[in-house]
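Okay, thanks for making time, everyone. I'd like to walk you through the pockets, the strands and the ligand contacts in this one, so let me put it up on the screen.

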Amino acid sequence: MSIATNIQDFQKTLPQHVKLVAVSKTKPNADLLQAFEAGQRIFGENKVQEMTAKWEELPKDIEWHMIGHLQSNKVKYLVPYVSLIHAVDRIKLFKEINKQAERFDKHVHVLLQVKIAEEESKFGMDPAEARKLLSEDTLSKYTNLTVKGLMGMASFTEDKEQIKREFTQLKKIYDEFSESHNFTTLSMGMSGDYELAIACGSTMVRVGSAIFGERNYE
Ligand SMILES: *Cc1c(COP(=O)(O)O)cnc(C)c1O
């Protein structure tokens with residue numbers, strides 16, 4: 001199987017309303033180019049420096065998504081060219097993204113990351129916190145960013161029922177606020193669980209190893 005074939009398979013099988021983020025972290029530019037030539041335009045990275053380096057080298061009509069945990073002090077390097085930041089999970093980060101967006105005269109699209117995994121996970125707002133933030137509409141004062149929807153990661157488990165419970169929980173919060181916030185994007189599902197995520201209402205899947213093969217971390 002080649003990267004191009006994998007991309008074409010996803011293009012054929014994903015429902016029309018589901019966007020594919022090709023998660024290219026740790027992969028060389030040559031691999032991204034193969035996916036690009038097969039028609040892929042959205043790429044996801046989890047490190048600011050790696051994304052910046054790839055952005056410089058690769059075609060400018062790529063949409064870059066930051067999918068990983070983001071430190072406030074890195075936001076300024078990202079804002080000039082990022083299309084969507086998936087993992088915004090604290091007010092401090094909203095403030096910093098808005099500040100840098102003002103500085104660069106940009107409007108930045110973000111997703112609110114919600115903690116849905118029953119296993120201990122480090123990142124994401126608790127569902128209660130997320131509901132509070134969205135219902136108070138505190139976010140509308142950040143004029144240079146828009147929350148386009150929610151992002152979540154299910155537990156790393158073989159238990160399909162548990163994963164389904166977790167995705168369903170996120171979809172429920174999404175539905176509660178979708179109209180009032182004009183949401184467009186529910187980012188959930190990775191290589192191992194994207195089919196289940198789509199069945200549970202995902203509109204954007206983040207797929208890495210099923211496209212590019214296993215990653216080698218140094
Ligand atoms: C690495 C990563 C993915 C892709 O994982 P695969 O299992 O390789 O598809 C998706 N989302 C996030 C947040 C990631 O860090």
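Quick bit of vocabulary before we start: when I say α7 or β8, those are helices and strands taken as DSSP runs and numbered from the N terminus. And keep in mind that this is a predicted model.

So, which helix gives the most to the lining of the largest pocket? That's α7, with three residues. Helix α7 covers 160-178, and along with β8, at 204-207, it's on the list of elements that each supply at least two lining residues there. The whole lining comes to 39 residues, and the pocket volume is about 1,100 Å³. If you want to find the centre, look for Met153, Ala154, Phe156, Met190 and Arg206, which lie nearest to it. By class, you've got 16 nonpolar residues in that lining, plus 13 polar and 10 charged.

Now the ligand. Among the residues around it are Val23, Lys25, Ile67 and Met151. Met153, Met190 and Arg206 are on that list too, and those names should ring a bell, since they also lie nearest the centre of the largest pocket.

What about polar contacts? Ser191 has a side-chain N or O atom 2.5 Å from a ligand oxygen. For Arg215, an N or O atom of the side chain sits 2.8 Å from an oxygen of the ligand. With Gly208 it's the backbone: a polar atom there is 2.8 Å from a ligand oxygen.

Okay, second largest pocket. This one has a volume of about 220 Å³ and 13 lining residues. Gln11, Val18, Lys19, Leu20 and Gln40 lie nearest the centre. Helix α1 (3-13) and strand β1 (19-23) each put at least two residues into that lining. The split here is six nonpolar, four polar and three charged.

Last thing, the strands. β2, residues 42-45, pairs with β3, residues 63-66, in the parallel sense, over four bridges. To get from β2 to β3 the chain goes through helix α3, residues 48-57, and that β-α-β crossover is right-handed. On the other pairing, β3 and β4 (residues 82-88) also run parallel, joined by three bridges.

If you'd like one residue to click on, try His65 in β3, which stands opposite Gly44. Over in β4, the bridge partner of His65 is Leu84.

That's my tour. Happy to rotate it for anyone who wants another look.

Technical notes. Residues numbered from 1 in each chain as written. Predicted model: local features only at pLDDT ≥ 70, side-chain atom pairs only at ≥ 80, totals over all residues. Heavy atoms only, no water. 1 Å grid on protein atoms, 1.4 Å probe; cavity = no way out; pocket = protein on both sides within 12 Å on 5 of 7 lines; lining within 4 Å. Points joined across faces, edges and corners; volume = space filled by probe spheres on them. Nonpolar A, V, L, I, M, F, W, Y, C, P; charged D, E, K, R; others polar. Pairing = 2+ DSSP bridges. Right-handed = clockwise from strand over helix to strand, strands pointing away. Near = heavy atom within 4 Å. Polar contact = N/O pair within 3.5 Å; in protein donor to acceptor, adjacent residues only side chain to side chain.
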